[in-house]
Amino acid sequence: MVVASGIGRVAGAYGCISARSEKPSGTNHGSFLFAWFAGGNRVRYFFNIRDGARMERDLEGSEFDNLELAIQDARLAAREIMAEHVLAGYEPDGQFFDIADEDGRVLVSVPFRSALRSKPQ
């Protein structure tokens, strides 16, 4: 079963072919079960893509155990989006994921370029 995450849907609207597969984004069955048994709550985060004045809103969001896992998933999605841009002949520059909570407050901005590694050593 293929399930697109909130990030995948936003990336698709942004002009990319990106979709997450196998399981919902941020789902780690082991940590989910641990959180469930421990009484923990998963948090829904929204991954809005910002490119200058242009904003693509994630209306569905994705659930994660914590913000750090959401940031990791945003970086993976940023790589996919940048790869699509490069394949289409565009230079990926200046895009961000603004990760927001359910109240719309931006918790962190993740520059797409932060998903790239430094020069090989």
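The paragraphs below go through this predicted model from its overall fold to the surroundings of strand β1.

The protein contains three helices and five strands, and along the sequence these elements follow the order α-α-β-β-β-α-β-β. Of its 121 residues, 35% are buried. Among the contacts with a separation of 6 or more, 54% are between residues that lie 24 or more positions apart. The protein exposes about 7500 Å², and carbon and sulfur atoms supply 55% of that area.

Strand β1, which covers residues 43-51, is a useful place to begin, and its pairing with other strands can be taken one partner at a time. With strand β2, residues 54-56, β1 runs antiparallel and is joined by three bridges, and in this pairing D51 stands opposite R54. The hairpin formed by β1 and β2 has two residues between the strands, and in this hairpin G52 takes a positive phi near 65°. With β3, too, β1 runs antiparallel, and three bridges join the two strands; here V43 has F64 as its bridge partner. Between β1 and strand β4, residues 95-100, there are six bridges, and these two strands also run antiparallel, with I49 standing opposite F97 of β4.

The aromatic side chains give a second view of how β1 and β3 are related. A pair of aromatic rings is described by how far apart the centres lie and by the angle of the planes. The structure holds four aromatic pairs, and one of them is formed by Y45 and F64, whose rings are 6.3 Å apart from centre to centre with 50° between the planes, a tilted arrangement. This pair links distant parts of the chain, since Y45 belongs to strand β1 and F64 to strand β3 (residues 62-64), 19 residues apart. Y45 and F64 are both buried. F64 also pairs with F47, and because the planes of these two rings stand at 65°, with the centres 5.7 Å apart, the pair counts as edge-to-face. Again the pair links distant parts of the chain, with F47 in strand β1 and F64 in strand β3, 17 residues apart, and F47, like F64, is buried. Taken with F97 and F112, the residues Y45, F47 and F64 form one aromatic cluster.

Another ring to look at is that of F96, where the partner is a charged group: the charged end of R50 sits over this ring, 4.4 Å from its centre.

A second arginine, R42, lies in the loop between α2 (29-37) and β1. Is R42 buried or exposed? Its relative accessibility is 17%, and R42 therefore counts as buried, the cut-off for buried being under 20%. What does the side chain of R42 reach at 2.7 Å? The answer is the backbone oxygen of E63. In addition, the R42 side chain makes a polar contact with the side chain of D65, at 2.9 Å.

Read together, these details return to the pairing of β1 with β3: the two strands are joined by three antiparallel bridges, V43 and F64 are bridge partners, and the ring of F64 pairs with that of Y45 and with that of F47.

Terms used. Residues are numbered from 1 along each chain as its sequence is written. This is a predicted model: local features need pLDDT of at least 70, side-chain atom pairs count only at pLDDT 80 or more; totals for chains, interfaces and linings use all residues. Side-chain values use heavy atoms; hydrogens and water are left out. Helices (H or I, at least four residues) and strands (E, at least two) are DSSP runs, numbered from the N terminus. Buried means under 20% relative accessible area, exposed over 50%, partly exposed in between (1.4 Å probe, protein chains only). Contact means heavy atoms within 4.5 Å. Accessible areas come from the Shrake-Rupley method with a 1.4 Å probe; for residues, only the protein chains shown count as cover. Rings of Phe, Tyr and Trp (its six-membered ring) pair if their centres lie within 6.5 Å; planes under 30 degrees apart count as stacked, over 60 as edge-to-face and the rest as tilted. A charge sits over a ring if NZ of Lys or CZ of Arg is within 6 Å of the ring centre and within 35 degrees of the ring normal. A polar contact is a pair of N or O atoms within 3.5 Å; within protein, one must be able to donate a hydrogen and the other to accept it, and residues adjacent in sequence count only if both atoms are side-chain atoms. Two strands pair if DSSP finds at least two bridges between them.
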